[in-house]
Amino acid sequence: AIGEDEEGWYAAGVLIFDVAIGGIDEDIVMAGFLKWLYIGSEFRNRGAADALMQEMFRLLAGSGIEAVLCDLPIDMEYVEFSGYLRRWGFEFDLVDVDEVRVSLDILMKKPDLCGNPSENVISLNNAPVEMIENGTNLAVRQKNIAPDLEERVRLCDKDISCITVEDNKVVGMTVVNRLAESVLEITFLRTFPYNPKNMVDMIYFISGKIKNKYKPDTEIRFTSRNDLTVKIIQHLLPDAEPLLVYRGVSLTMVEEE
C-alpha cells in the first residue's frame, strides 16, 4: 500500500499471499493463502488494509480461485485481527497444524538422531548440478509439498541440505531453509520411493551438519505434510504436540472488471 505526501511516496503497509495446492481424493484443489498483513500504526484506519485485501481477492478471483485460507495462532494478540478478517467473510475453526518447533540442544539429545551417514549422502554444495535438478524434479512430483519448493531449494542452506544417491540415481532429498538468524526449517525430507535406511541416513547427515554449524539455542521447525513425516516426528519427539491454530476460510471474491 503506497501513500504520497509533500515529501513523496511512502509504504503504508504490505500484504503477502500465496497459492496453496492440496488434494481431495483424486481432485487437486487450489486456494489463496493469506500469510501476512501489516499496516504501519500511523496509517491505520485510513483504508490501506481494505485496499490490500480487495486487491488480493480481485487477483485470486481473476485466476479462478474461489477460496482464501488464513491460519492464526491462538493468542489474544490476534483477536482484533480475526475480527477484521471476519468482516471479509472469513469463518474460523480450530484445527491442528502438524508443525513442531524444538531447540537444537534438545533435538541433539535424541539418540535416534546420532549416527554416521553413509557416503551415499551428499550435501547440495558438493552435488553436481544435474543431480540437484533431478532431485528437485522428483521432489516437486510428490504429494502435499510446499507450493514454492523449487524456490526453497534455490535458497536453502546447501551445506546442510542433501541428496542420497544410489547407482548414480537420486533416491532421496532433504531441504533445510534458514528462516532467521536462529531459526531453521526442515522443508522437505523424503526418499523416492520410501526407504527407511535412506531416510535415517539423511537424518544423520543433517543433524550432524546442523550441530556443527549452528548454536544450541537454534530453533528447528518441522512441518508435516504427509502421514509418514508425522510418524517420524512422533517417533523422534513423542512428547511434542502439534501447533493449534484457527484456520480461517473465506469464499468472498471480488470479480475482475
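The legends below accompany close-up views of a predicted model.

**View 1. A nonpolar patch on the surface, made by residues of two strands.** In this predicted model, the side chains of Val14, Ile16, Trp36 and Tyr38 make a nonpolar surface patch of about 390 Å². The elements that give two or more residues to this patch are strand S3, which runs over residues 13-24, and strand S4, which runs over residues 27-39. Trp36, one of the four residues named for the patch, lies in strand S4 and has a relative accessible area of 49%, so that Trp36 counts as partly exposed.

**View 2. A salt bridge within helix H1, between Arg58 and Glu55.** The side chains of these two residues, Arg58 and Glu55, meet in a salt bridge with a nitrogen-to-oxygen distance of 2.7 Å. Both partners belong to helix H1 (residues 48-62), and because Arg58 and Glu55 are 3 residues apart there, about one helical turn separates them. Arg58 is partly exposed, with a relative accessible area of 26%, and Glu55, at 33% relative accessibility, counts as partly exposed as well.

**View 3. A salt bridge between distant parts of the chain, formed by Glu185 and Arg152.** In the contact between Glu185 and Arg152, the closest N and O atoms of the salt bridge are 3.1 Å apart. The pair links distant parts of the chain, since Glu185 sits in strand S11 (residues 183-191) while Arg152 sits in helix H5 (residues 149-155), and the two are 33 residues apart. Glu185 is buried, and Arg152 is buried too.

**View 4. A salt bridge between Arg221 and Glu219, with a network elsewhere for context.** Here the closest N and O atoms of Arg221 and Glu219 come to 2.7 Å from each other in a salt bridge. How exposed or buried is each partner? Arg221 has a relative accessibility of 19% and therefore counts as buried, the cut-off for that class being under 20%, whereas Glu219, with a relative accessible area of 24%, is partly exposed. Salt bridges that share partners also join Asp148, Arg152 and Glu185 into one network, which takes in the Glu185 and Arg152 pair of the preceding view. A search of the whole structure finds 9 salt bridges, among them the contacts of Arg58 with Glu55, of Glu185 with Arg152 and of Arg221 with Glu219.

Definitions and conventions:
Residues numbered from 1 in each chain as written. Predicted model: local features only at pLDDT ≥ 70, side-chain atom pairs only at ≥ 80, totals over all residues. Heavy atoms only, no water. Patch = residues over 30% accessible without salt bridge, like charges linked within 9 Å, V, L, I, M, F, W, Y side chains within 5 Å. Areas by Shrake-Rupley, 256 points an atom, 1.4 Å probe, with all protein chains shown as cover. Helix = DSSP H or I, 4+ residues; strand = E, 2+ residues; numbered from the N terminus. Buried < 20%, exposed > 50% of the residue type's maximum accessible area, 1.4 Å probe, protein only.
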